[in-house]
Amino acid sequence: MQTPRTSIPLERMSSEEMLACIDPFLASRPEEVDTLARSVVRVRKGSGTVLLREGQPADGLYVVLRGRVNLTRAAEGGRDIILASLGPGDVFGETAALDGVGASTTAITAVASDLARIPAE
């Protein structure tokens, strides 16, 4: 599902505003969004930073606020295959963070990126 378009960049929104306009939080009640927003940690990462590693537990659910994050999987010969390239409003790490399983892909910033992380705890 696409993120609703807003005229304010996600990185400039409050955590509550940002979560309220992003799937999977669209159907959440305001009090649920407020609770999640209090745990949001905003981070800025340089290009090439590994955020999640395939097979490892996730430290949280991430929302791309600005920049690009590539989801990759290791292939034969030591090369990585890019499965998806995520941009503002995209969410990743939710399955690994919520279910406590290893990440199914590696997430690496393609460019300098601003992210919101909701810790797995």
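Visitor: What is a salt bridge, and which residue pairs with Arg29 in one?
Guide: A salt bridge is a side-chain nitrogen of Lys or Arg within 4 Å of a carboxyl oxygen of Asp or Glu. In this predicted model, the closest N and O atoms of the pair that Arg29 forms are 3.4 Å apart, and because 3.4 Å is within the 4 Å cut-off, the pair qualifies. Arg29 is partly exposed at a relative accessible area of 47%, and the residue that pairs with Arg29 is Glu32.

Visitor: How many salt bridges does this rule give?
Guide: Side chains of opposite charge can pair when their charged atoms come close. Applied to this predicted model, the rule brings the count of salt bridges to 6.

Visitor: Which residue in strand β1 forms a salt bridge with Asp114, and is that residue buried or exposed?
Guide: The closest N and O atoms of this pair are 2.6 Å apart, and the pair links distant parts of the chain, with Asp114 in strand β8 and its partner in strand β1 (residues 41-45), 70 residues apart. Asp114 counts as buried at 6% relative accessibility. The partner is Arg44, and at 61% relative accessibility Arg44 counts as exposed.

Visitor: Which residue of strand β3 forms a salt bridge with Asp114?
Guide: In this salt bridge of Asp114 the closest N and O atoms are 3.3 Å apart. Asp114 lies in strand β8 and its partner in strand β3, so the pair ties together parts that are 48 residues apart in sequence. The partner is partly exposed, with a relative accessible area of 38%, and it is Arg66.

Visitor: Which element gives the most residues to the largest nonpolar core?
Guide: The largest nonpolar core has 16 residues, and those with the most contacts inside it include Leu10, Met18 and Val63. The elements α1 (15-20), α2 (30-39), β3 (60-66) and β8 (113-119) each supply at least two residues of this core. With 3 residues, the element that gives the most is β3.

Visitor: Is Ser15 buried or exposed, and what is its relative accessible area?
Guide: Ser15 lies in helix α1, and, not counting residues up to four places away in sequence, Ser15 touches Ala37, Val40 and Arg42. Because buried means under 20% relative accessible area, Ser15 counts as buried, with a value of 15%.

Note on methods:
Residues are numbered from 1 along each chain as its sequence is written. This is a predicted model: local features need pLDDT of at least 70, side-chain atom pairs count only at pLDDT 80 or more; totals for chains, interfaces and linings use all residues. Side-chain values use heavy atoms; hydrogens and water are left out. A nonpolar core is a set of buried Ala, Val, Leu, Ile, Met, Phe, Trp, Tyr and Cys residues joined through side-chain atoms within 4.5 Å. Buried means under 20% relative accessible area, exposed over 50%, partly exposed in between (1.4 Å probe, protein chains only). Helices (H or I, at least four residues) and strands (E, at least two) are DSSP runs, numbered from the N terminus. Contact means heavy atoms within 4.5 Å.
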